[in-house]
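This report describes how a protein meets DNA and how helices pack within and between its chains. The sequence and the structure are shown first.

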Number of protein chains: 2
Amino acid sequence: MTDHEVLSTWRELSARHAAIVSDLERELQERHELGVSEFEVLDRLVDGVCLSADGKFRVQELAAGVHLSQSALSRLIARLEKAGFVLRSMCADDRRGVFVTLTDAGRVRHSEALPTQRRVLRAHLAATPQG
Amino acid sequence: MTDHEVLSTWRELSARHAAIVSDLERELQERHELGVSEFEVLDRLVDGVCLSADGKFRVQELAAGVHLSQSALSRLIARLEKAGFVLRSMCADDRRGVFVTLTDAGRVRHSEALPTQRRVLRAHLAATPQG
DNA sequence: ACGCATTAAATGCTTGTGCATTGAATGCAT
DNA sequence: ATGCATTCAATGCACAAGCATTTAATGCGT
């Protein structure tokens with residue numbers, strides 16, 4: 001692969017990412033008052049309910065898949081808690097850790113926003129060359 | 001393309017983008033004291049020198065290709081000017097517009113940083129499935 | 001049991017970003 | 001020429017992100 005090919009691949013990737021994030025941000029914000037990262041975290045929590053015994057997650061476990069720093073994630077969860085979408089609770093076995101659990105309101109909001117996300121992603125990614 | 005495929009494509013794209021940007025940011029910062037967006041703007045200026053008669057660019061022209069808002073770009077250029085890498089000058093024919101030109105220092109810094117960028121991009125993008 | 005390095009998460013601080021607004025210059029219609 | 005909508009770039013403001021630090025809890029070695 002030549003440098004020129006690498007570069008154009010990178011620009012393509014970058015442009016595509018920017019376009020999708022921008023659309024997602026606008027749509028999720030306007031329709032559901034959710035940021036992209038906020039949605040992503042709710043999404044992970046929903047996804048993972050089946051995996052985890054009780055639907056509880058260490059903050060750390062959420063970090064995987066959400067491309068944010070530890071501090072950003074901490075504050076993001078604080079925002080979600082303030083909005084009533086998640087609860088934070090101490091975990092008994094390791095009292096440094098914090099469990100994050102979805103509330104009903106969080107589940108509802110996520111299920112409302114999910115079709116919006118799917119629609120935007122489909123519009124950008126379905127049936128395209130690199131799709 | 002199924003929703004599940006769309007979703008996994010998106011996660012792949014997102015993860016890859018995050019990894020590359022993170023690496024680029026660190027390498028460019030550590031080695032050349034440049035942010036990714038700063039480098040990108042210098043890169044556009046260098047690229048475009050051959051295209052433009054005198055190597056002058058309207059701020060607006062730079063916006064294409066750099067995925068930033070108008071205000072972010074304005075401040076970014078202000079930072080580059082403060083660092084001595086570009087000059088801003090009024091353009092005579094439309095005095096609302098601003099011409100941005102590379103300085104020698106800007107050209108030097110860009111040429112120093114270019115191999116670093118190439119190396120990081122190659123490491124991530126060369127010889128990979130979705131390359 | 002005690003000290004010490006380590007880990008989890010929160011927080012202070014600085015910086016970059018976007019939105020909305022502003023200020024200035026332009027162009028067009030009347 | 002005058003008024004008015006439009007465009008370019010800069011700026012006020014609010015907010016989210018990362019880095020470094022802090023606080024608290026763990027675990028390990030002696």
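The model is predicted. The account begins with a contact to DNA strand D: a backbone N or O atom of B:Val98 lies 3.4 Å from one of the phosphate oxygens of that strand. The elements that contribute two or more residues to the surface near DNA strand D are α4 (70-82) of chain A, together with α3 (59-63) and α4 (70-82) of chain B. In total, 21 residues surround DNA strand D, and the closest are A:Ser69, B:Gln60, B:Ser74, B:Arg75 and B:Arg88. Of the atoms of this strand that come within 4 Å of the protein, sugar and phosphate account for 60%. The surface near DNA strand D comprises four nonpolar, eight polar and nine charged residues.

DNA strand C is likewise surrounded by 21 residues, of which A:Gln60, A:Ser74, A:Arg75, A:Arg88 and B:Ser69 come nearest. Here sugar and phosphate make up 58% of the strand atoms that come within 4 Å of the protein. At least two residues of the surface near DNA strand C are supplied by each of α3 (59-63) and α4 of chain A and α4 of chain B. By class, this surface holds four nonpolar, eight polar and nine charged residues.

Side-chain contacts to the two strands are listed below.

| Residue | Partner atom | Distance |
|---|---|---|
| A:Arg75 | base oxygen of DNA strand D | 3.0 Å |
| B:Arg88 | phosphate oxygen of DNA strand D | 2.7 Å |
| A:Gln70 | base nitrogen of DNA strand C | 2.8 Å |
| A:Ser74 | phosphate oxygen of DNA strand C | 2.6 Å |
| B:Ser69 | phosphate oxygen of DNA strand C | 2.6 Å |

The helix packing is considered next, beginning within chain B. Helix α1 (residues 3-32) of chain B packs against helix α5 (residues 104-125) of chain B at an angle of about 150 degrees, with the axes 10 Å apart. Because of this angle, α1(B) is roughly antiparallel to α5(B). The crossing of α1(B) past α5(B) is right-handed. From α1(B), the contact involves B:Arg16, B:Ala19, B:Ile20, B:Asp23, B:Leu24, B:Glu27, B:Leu28, B:Arg31 and B:His32. The residues on the α5(B) side include B:Arg109, B:Glu112, B:Ala113 and B:Thr116. Eight nonpolar, four polar and seven charged residues form the contact of α1(B) with α5(B).

Helices of the two chains also meet. The axes of helix α5 (residues 104-125) of chain A and α1(B) come within 10 Å and cross at roughly 80 degrees, so α5(A) is roughly perpendicular to α1(B). In this contact, A:Gln117, A:Arg118, A:Leu121, A:Arg122 and A:Leu125 of α5(A) face B:Asp3, B:Val6, B:Leu7, B:Thr9, B:Trp10 and B:Leu13 of α1(B). These residues divide into six nonpolar, two polar and three charged.

Helix α1 (residues 3-32) of chain A packs with α5(B) at an angle of about 80 degrees, the axes being 10 Å apart. The two helices, α1(A) and α5(B), are therefore roughly perpendicular to each other. On the α1(A) side, A:Asp3, A:Val6, A:Leu7, A:Thr9, A:Trp10 and A:Leu13 take part, and they meet B:Gln117, B:Arg118, B:Leu121, B:Arg122 and B:Leu125 in α5(B). The contact of α1(A) with α5(B) has six nonpolar, two polar and three charged residues.

Key
Residues are numbered from 1 along each chain as its sequence is written. Chains are lettered from A and ligands numbered from 1 in the order in which they are written. This is a predicted model: local features need pLDDT of at least 70, side-chain atom pairs count only at pLDDT 80 or more; totals for chains, interfaces and linings use all residues. Side-chain values use heavy atoms; hydrogens and water are left out. A residue is near a molecule or strand if one of its heavy atoms lies within 4 Å of it. A polar contact is a pair of N or O atoms within 3.5 Å; within protein, one must be able to donate a hydrogen and the other to accept it, and residues adjacent in sequence count only if both atoms are side-chain atoms. Helices (H or I, at least four residues) and strands (E, at least two) are DSSP runs, numbered from the N terminus. Ala, Val, Leu, Ile, Met, Phe, Trp, Tyr, Cys and Pro count as nonpolar, Asp, Glu, Lys and Arg as charged, and the others, Gly among them, as polar. Axes are lines fitted to C-alpha atoms, for helices over the stretch in contact, and angles run from 0 to 180 degrees between N-to-C directions. Angles under 35 degrees count as roughly parallel, over 145 as roughly antiparallel, 65 to 115 as roughly perpendicular and the rest as oblique. A crossing is left-handed if the near helix is turned anticlockwise from the far one by less than a right angle, and right-handed if clockwise. Contact means heavy atoms within 4.5 Å.
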